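User: I am new to this structure and would be grateful for a close look at a single part of it. Please concentrate on the aromatic rings, and then follow the charged side chains.

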Amino acid sequence: MAKFIFKMESILSVKEKLEEQAKAEYSIEMMKLRQEEEKLDKLKLRRDMYQSKLYDAVKDKLNILEIKILEDSVENIKYNIKLQMVVVANQQRAVEKAGEKLDNAMKERKTYEKLKENAFEEFKAEINAEEQKEINELVSFKFRSGSDESEE
């Protein structure tokens, strides 16, 4: 019996490898995003702590130097939060880009897998047609052989 050979098997293999690479890249970008979001959360916690200290300092006896230091700290943290929000937004875009790359790689792999399935179905149909032809020839040969004997 003939063996099925998909002519584009090497391309399918490359597409599968590209998809795996895209999955790995997406995972890395997601991990980076989580890290950047954690940094942002920590900055927000520090801001809240400084704001609380500032509130307590203003509420207690007026120590102008301490209040000024705390106000500067709050403003500095707010600035760092804005910067970190930009970093997070950039990382989110990197994740989206990696996700699109992964989607495209998956679509290409699926396309070649579908081509392989279609080629295999054609192969099976050809094999069935050949088998049917052989069966028909056998039946025809037996029929002819049987009718030759009856004529004698």
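Analyst: A residue is called buried under 20% relative accessible area, exposed over 50%, and partly exposed in between (1.4 Å probe, protein chains only). The model is predicted, so local features need pLDDT of at least 70 and side-chain atom pairs pLDDT 80 or more, while totals for chains, interfaces and linings use all residues. Residues are numbered from 1 along each chain, and side-chain values use heavy atoms, without hydrogens or water.

The account begins with Phe123. This residue counts as buried, at 15% relative accessibility. Phe123 lies in helix H2, which covers residues 64-151; helices here are DSSP runs (H or I, at least four residues), numbered from the N terminus. The structure as a whole holds 3 aromatic pairs. Rings of Phe, Tyr and Trp (its six-membered ring) pair if their centres lie within 6.5 Å, with planes under 30 degrees apart stacked, over 60 edge-to-face and the rest tilted.

One of these pairs joins Phe123 to Phe4. Their ring centres are 5.4 Å apart and their planes meet at 55°, so by the stated limits the pair is tilted. The two partners belong to distant parts of the chain, being 119 residues apart. Phe4 sits in the segment before helix H1 (9-59), whereas Phe123 is part of H2. Phe4 has a relative accessible area of 21% and is therefore partly exposed.

Phe123 also pairs with Phe120, and here the geometry is stacked. The centres of Phe120 and Phe123 are 6.2 Å apart, with 25° between the planes. Both residues are in H2, and because they are 3 residues apart, about one helical turn separates them. Phe120 counts as partly exposed, at 35% relative accessibility. Taken together, Phe4, Phe120 and Phe123 make up one aromatic cluster.

The charged side chains offer a second link between distant parts of the chain. A search of the whole structure finds 15 salt bridges, each a side-chain nitrogen of Lys or Arg within 4 Å of a carboxyl oxygen of Asp or Glu. In one of them, Arg109 meets Glu19 with an N to O distance of 2.1 Å. Arg109 belongs to H2 and Glu19 to H1, so this bridge connects residues that are 90 residues apart. Arg109 and Glu19 are both buried. Glu19 is one of several buried residues of H1, among them Leu12, Lys15, Ala22, Leu33, Tyr50 and Leu54.

Within H1 itself, Glu20 forms a salt bridge with Lys23, where the closest N and O atoms are 3.7 Å apart. Glu20 and Lys23 stand 3 residues apart, about one turn of the helix. Lys23 is partly exposed, with a relative accessible area of 34%. Glu20 and Lys23 also take part in a network of salt bridges that links them with Glu19, Arg109 and Glu113.

A further salt bridge in H2 joins Glu117 to Lys114, with 3.7 Å between the closest N and O atoms. Here too the spacing is 3 residues, about one turn of the helix. Glu117 is partly exposed at 44% relative accessible area, and Lys114 is partly exposed at 47%.

In summary, two contacts described here link distant parts of the chain: the aromatic pair of Phe4 and Phe123, and the salt bridge of Arg109 and Glu19.
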